[in-house]
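Subject: Structure for you to look at

Hi there,

Here is the structure I promised to pass on. Please open it alongside this email, and I will walk you through what turned up.

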Amino acid sequence: MSKRKLSKKQEWRAQKIQDERIQRAEKKLKKLQTGDEASESTSHNGFVVASFGTQFIVEDDHKQRFKSLARQNLGAIVVGDKIVFETFEHGDAVITAVLARDSLLERPNFNGNTKPVAANIDQILVMSSILPTLATVLIDRYLVAIELSEIDPIIVINKIDLLNPDELKTLKDSLSYYEDIGYNIIFVATKSREGLSMIEHILHDKVSILVGQSGVGKSSTIKALLPDIEIQIGELSTISKLGKHTTSASQWYHLAASGAIIDSPGVRDFGLWHLEKENVAWGFREFRPYLGTCKYSNCSHINEPECSIIDAVDNKKIPTERWGNYIKIYLSLKE
Ligand SMILES: Nc1nc2c(ncn2[C@@H]2O[C@H](COP(=O)(O)OP(=O)(O)OP(=O)(O)O)[C@@H](O)[C@H]2O)c(=O)[nH]1
Ligand SMILES: [Mg+2]
Ligand SMILES: [Zn+2]
């Protein structure tokens with residue numbers, strides 16, 4: 001009882017210190033903005049390691065990290081953003097500029113718009129796993145969004161330790177069409193470290209982000225690569241067998257060799273993914289050669305006569321599974 005009380009008090013005190021710190025930094029920021037105190041601060045180039053909405057962790061060129069606020073009207077600032085920030089004598093820091101982005105990954109938020117997730121990334125590892133469920137429609141939803149963002153995707157199927165060799169072979173065969181249409185797909189078990197060297201090879205020298213449903217093992221993969229870091233890993237729910245949304249904010253981790261990997265929170269509801277209906281077909285890369293050649297210019301490629309996509313499916317030029325997922329995604333989107 002007393003222990004609990006004490007920890008409550010400690011919690012309250014920590015929160016108070018944090019609030020005061022923010023207030024101080026905000027005051028500094030105001031002074032900085034009006035030019036009063038520019039000489040007291042030091043300017044650094046750096047990037048964003050983690051973003052918690054209005055608070056950030058930033059890192060300078062010497063790998064020193066600071067908790068930071070941001071000047072208003074810089075727009076959304078995300079992990080991977082290259083920035084300029086000022087530090088003050090108390091250790092407070094404020095982001096004052098965001099540099100132009102080479103790439104930006106966005107995902108849907110709850111009102112049907114998109115929300116930036118990470119910037120300046122080279123490749124996206126789309127992770128799925130044997131448990132909770134291996135649903136290719138989720139993989140394809142990611143691929144569509146990624147095709148529109150022009151960042152390289154790699155498909156990673158985790159938890160193959162849960163399959164026997166025959167089951168694994170069947171699975172690999174059933175997903176081989178991804179390779180046929182030009183995607184790299186790898187099968188791993190990060191728990192038993194099977195295939196981990198393949199992941200290391202892919203990550204080398206690049207900035208990569210791990211995305212996928214909650215519980216597929218994104219954070220576990222990072223822990224397997226970097227055993228010394230502290231990172232939260234969550235059991236699947238015993239009732240629903242789903243992930244518990246353990247990771248709540250995207251975060252950057254330097255790899256031991258060279259390159260970095262960003263962990264991201266599992267997506268909650270794919271039904272809210274906002275895509276323009278007419279962009280979906282273009283997001284299926286193997287459909288592109290046929291687009292614009294259907295009888296009807298507004299063809300949905302679902303049941304129209306003289307549809308080039310349906311013909312290509314019939315002629316085995318487009319995998320039936322992909323066309324099936326295209327229809328599911330298309331029909332899930334509002335007009
Ligand atoms: N059998 C098996 N289980 C694994 C493997 N990798 C991860 N797990 C388990 O999967 C569960 C979820 O792992 P996390 O790493 O927290 O999953 P996540 O994708 O980060 O989930 P969120 O943070 O909620 O998005 C944990 O119980 C892990 O132990 C694996 O290769 N094989
Ligand atoms: Mg996680
Ligand atoms: Zn068509």
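To begin with a small check: what should the 14 residues of α2 span at 1.5 Å a residue, and how far apart are its end C-alpha atoms? The expected span is 20 Å, and the end C-alpha atoms of α2 are 20 Å apart, so the two agree.

Before going further, please keep in mind that this is a predicted model. Its mean pLDDT is 87, and 86% of the residues reach 70 or more. Confidence varies between elements: helix α1 (residues 2-34) has the lowest mean pLDDT, 63, while helix α8 (residues 308-314) has the highest, 98. At the start of the chain, residues 1-5 stay under 50 in pLDDT, and the model gives them zero contacts beyond four places in sequence.

**The overall picture**

The protein has 335 residues, of which 31% are buried. Its secondary structure consists of nine helices and 13 strands. If you take the contacts between residues at least 6 apart in sequence, 62% of them join residues at least 24 apart.

**Helix α2 and the core**

The largest nonpolar core contains 60 residues, and V48, V58, I95, A118, V126, I209 and I262 have the most contacts inside it. Helix α2 (residues 136-149) is the element that gives the most to this core, contributing five residues. As background, nonpolar side chains in soluble globular proteins tend to be buried together.

Which residues of α2 are buried? They are T136, I139, D140, R141, Y142, L143, V144 and A145. The elements that cover them include the strands β8 (123-129), β9 (152-158) and β11 (207-211), together with the helices α7 (277-283) and α9 (320-332).

Two residues help to show how this region is put together. V126, one of the core residues with the most contacts, is in contact with I139, Y142 and L143, and also with P153, I155, V156, V211 and G212, once neighbours within four places in sequence are left aside. A145, in helix α2, counts as buried because it has 24 C-beta neighbours inside 10 Å, where 20 or more are needed. The C-alpha atoms of A145 and V280 are separated by 8.6 Å, although these residues are 135 apart along the chain.

Just after α2 comes E150, which has a positive phi near 60°. On the other side, the loop between β8 and α2 holds P132, and the peptide bond from L131 to P132 is cis, with omega near 0°.

**Two more backbone points**

N120 and K159 are also worth a look. N120 sits in the loop between β7 (114-119) and β8, and its phi is positive, about 60°, although it is not a glycine. K159, in the loop between β9 and α3 (165-174), is likewise not a glycine and has a positive phi of about 70°. Are these residues buried or partly exposed? N120 is partly exposed, because 19 C-beta neighbours lie inside 10 Å, whereas K159 is buried, with 24 other C-beta atoms within 10 Å.

**Strand β1**

V49 belongs to strand β1 (residues 42-52) and is buried, with 21 other C-beta atoms within 10 Å. Not counting residues up to four places away in sequence, V49 touches I57, V58, E59, R65, V79, Q251 and W252. Of these contacts, E59 is 10 residues from V49 along the chain, and their C-alpha atoms are separated by 6.6 Å.

**Around ligand 1**

How many residues surround ligand 1? There are 25, and the closest are K191, G217, S220, T247 and G266. By class, this shell has 13 polar, six nonpolar and six charged residues. Helix α6 (residues 218-225) gives the most to it, with three residues.

T221 also lies in helix α6. This residue is buried, with 26 other C-beta atoms within 10 Å. Beyond its neighbours within four places in sequence, T221 is in contact with N158, T190, I199 and L210. T221 and K191 are 30 residues apart in sequence and 7.8 Å apart in space, C-alpha to C-alpha.

Happy browsing, and do write back with any thoughts.

Best wishes

Terms used:
Residues are numbered from 1 along each chain as its sequence is written. Chains are lettered from A and ligands numbered from 1 in the order in which they are written. This is a predicted model: local features need pLDDT of at least 70, side-chain atom pairs count only at pLDDT 80 or more; totals for chains, interfaces and linings use all residues. A residue is near a molecule or strand if its C-beta atom, placed from the backbone, lies within 6 Å of it. Helices (H or I, at least four residues) and strands (E, at least two) are DSSP runs, numbered from the N terminus. Ala, Val, Leu, Ile, Met, Phe, Trp, Tyr, Cys and Pro count as nonpolar, Asp, Glu, Lys and Arg as charged, and the others, Gly among them, as polar. A nonpolar core is a set of buried Ala, Val, Leu, Ile, Met, Phe, Trp, Tyr and Cys residues joined through C-beta atoms within 7 Å. A residue is buried if 20 or more other C-beta atoms lie within 10 Å of its own, exposed if 12 or fewer, and partly exposed in between; C-beta atoms are placed from the backbone. Two residues are in contact if their C-beta atoms, placed from the backbone, lie within 7 Å. The expected span of a helix is 1.5 Å times one less than its number of residues. pLDDT is the predictor's confidence in each residue, from 0 to 100.
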